[in-house]
Amino acid sequence: DAAEAFGLPLGAGSSAFDLLCGCVVRRRAAVLLPDAPLYAPARIVKVHPPLYAPGSGVGAPAQQWLLDLTALVDGAERDEPRTPLGYLSNSTGRVGDEEGAVAAPASAVELGRALAFGLGRARLAKLVWAAARDRSGVAAISKWRVLLLEARVHEHEPAAGEGALATIGEYSRHAAFYTRLNDARGALFDFLNEPSEDEYVTHIAAIGRAFDQWPAQFRSIAEAWFRWLLGLEQRRAGYPALREFIAHESGLSHSAHIARDEAGRFGLPRAALATLQAPARVLVEDGLMADPDDPTREACSTCARAPSECTRWVQLKPCSHWLCSACLETWERAVERSRDGADGVQLDDEVVASLAVCPVCRGAIVARRIGRMGGQSTVGEESDSGEEM
């Protein structure tokens with residue numbers, strides 16, 4: 001669509017997606033390394049389309065598309081082959097911002113500017129954004145994208161670990177919340193339908209206070225979104241957009257749930273959570289929804305200790321297993337004894353290295369996330385596997 005809008009010709013034997021080669025995008029790190037940015041500029045080197053028979057009429061999910069990227073991380077270029085589309089940011093930024101860091105060929109500059117709300121924005125909006133809205137499949141997500149377009153803003157994307165959400169004992173705060181909310185969806189809609197329309201409008205207006213501290217441009221988008229999602233028109237129709245959105249969010253993949261936890265402070269995941277937390281709290285208090293922050297649930301991946309039984313917790317990354325302080329100290333003592341050759345037994349490097357992994361899944365520990373008891377913890381402390389925070 002963008003190529004047609006700007007009259008970019010296709011070479012012999014080329015496909016439309018080949019025009020993306022050379023464009024600069026922003027990609028999210030697959031593994032969050034200490035002190036590394038969550039997002040980095042990257043140049044598209046090659047596009048790998050999904051493997052299905054041409055002309056079969058079978059649509060291909062976006063996850064099947066892969067990209068060869070050259071990312072710029074801390075001033076150094078790094079090849080990242082066969083990267084799923086899910087690791088690309090929903091905001092391309094401006095081509096001019098990145099040209100000095102990761103050079104894009106001249107043939108891609110116009111297309112990149114178009115995707116960044118540059119030249120020809122009005123024409124491109126009709127071709128690309130309207131098509132994207134129709135293809136998204138989730139009305140609430142499409143509505144958010146349209147509001148972003150209309151306000152001409154991009155979602156905020158912080159550095160790795162900054163303001164990430166976490167729930168002690170759960171691999172993902174987002175997954176814990178939406179799984180339980182989806183299980184209680186019948187009670188949720190009964191609750192929303194209970195008051196009269198006048199009372200309902202008053203209750204909904206109170207939700208807007210959740211966005212009082214947001215920057216003005218993001219606050220206006222979030223308020224417009226939740227007033228549409230929970231508006232009287234949606235209520236009279238049976239909340240079709242909300243039903244669809246809750247089902248979609250609860251059914252995301254493991255990595256997609258984690259990506260929602262790490263999303264920007266003023267993006268759709270945070271706006272949706274702020275919108276739905278108030279009715280969810282009422283359901284929890286009435287015993288109609290399982291509490292995502294239940295302090296008595298099993299939390300430690302090794303001893304099953306509950307959050308209320310320990311004040312200090314550590315989440316190992318990238319596997320996301322949680323350990324209470326007692327189990328962590330036991331594991332670290334075992335590793336330290338092995339390094340020091342305790343009891344006169346000197347272990348070789350290979351054995352020692354095998355201990356410096358998660359005691360649950362044996363995955364390599366890239367970073368640690370420190371949590372304090374309180375059910376839901378907003379976590380910003382991280383270290384590599386050799387340091388204690």
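**Leucine 242 and the cores around it**

Once its neighbours within four places in sequence are set aside, Leu 242 is in contact with Leu 188, Phe 189, Leu 192, Leu 229, Leu 230 and Leu 276. The model in which these contacts are found is a predicted one.

Leu 242 belongs to the largest nonpolar core, which has 43 residues, and together with Leu 181, Trp 225, Leu 230 and Phe 245 it touches the most other members. Several helices, namely α5 (139-151), α6 (173-183), α7 (185-193), α8 (197-207), α9 (216-229), α11 (240-250) and α13 (268-285), each supply at least two residues of this core, and the largest share, eight residues, comes from α13. A second core of 17 residues is separate from this one, and among its members are Cys 310, Val 314, Leu 316 and Cys 324.

Helix α8 shows how buried and exposed residues can be arranged on one helix. Its buried residues are Tyr 200, Ile 204 and Ile 207, and because they cover an arc of only 40° around the axis, they lie on the same side of α8. An α-helix has 3.6 residues a turn, so residues three or four places apart point the same way. The cover over the buried residues of α8 includes α7, α9, α10 (232-236) and α13, whereas the face turned away from the buried side carries the exposed residues Asp 198 and Thr 202.

A last stop is Trp 144, which is found in helix α5. Trp 144 counts as buried because its relative accessibility is 2%, where buried means under 20%. Although Trp 144 and Ala 222 are 78 residues apart along the chain, their C-alpha atoms are separated by 8.2 Å.

Notes: Residues are numbered from 1 along each chain as its sequence is written. This is a predicted model: local features need pLDDT of at least 70, side-chain atom pairs count only at pLDDT 80 or more; totals for chains, interfaces and linings use all residues. Side-chain values use heavy atoms; hydrogens and water are left out. A nonpolar core is a set of buried Ala, Val, Leu, Ile, Met, Phe, Trp, Tyr and Cys residues joined through side-chain atoms within 4.5 Å. Buried means under 20% relative accessible area, exposed over 50%, partly exposed in between (1.4 Å probe, protein chains only). Helices (H or I, at least four residues) and strands (E, at least two) are DSSP runs, numbered from the N terminus. Contact means heavy atoms within 4.5 Å. The arc is that of the directions from the helix axis to the C-beta atoms.
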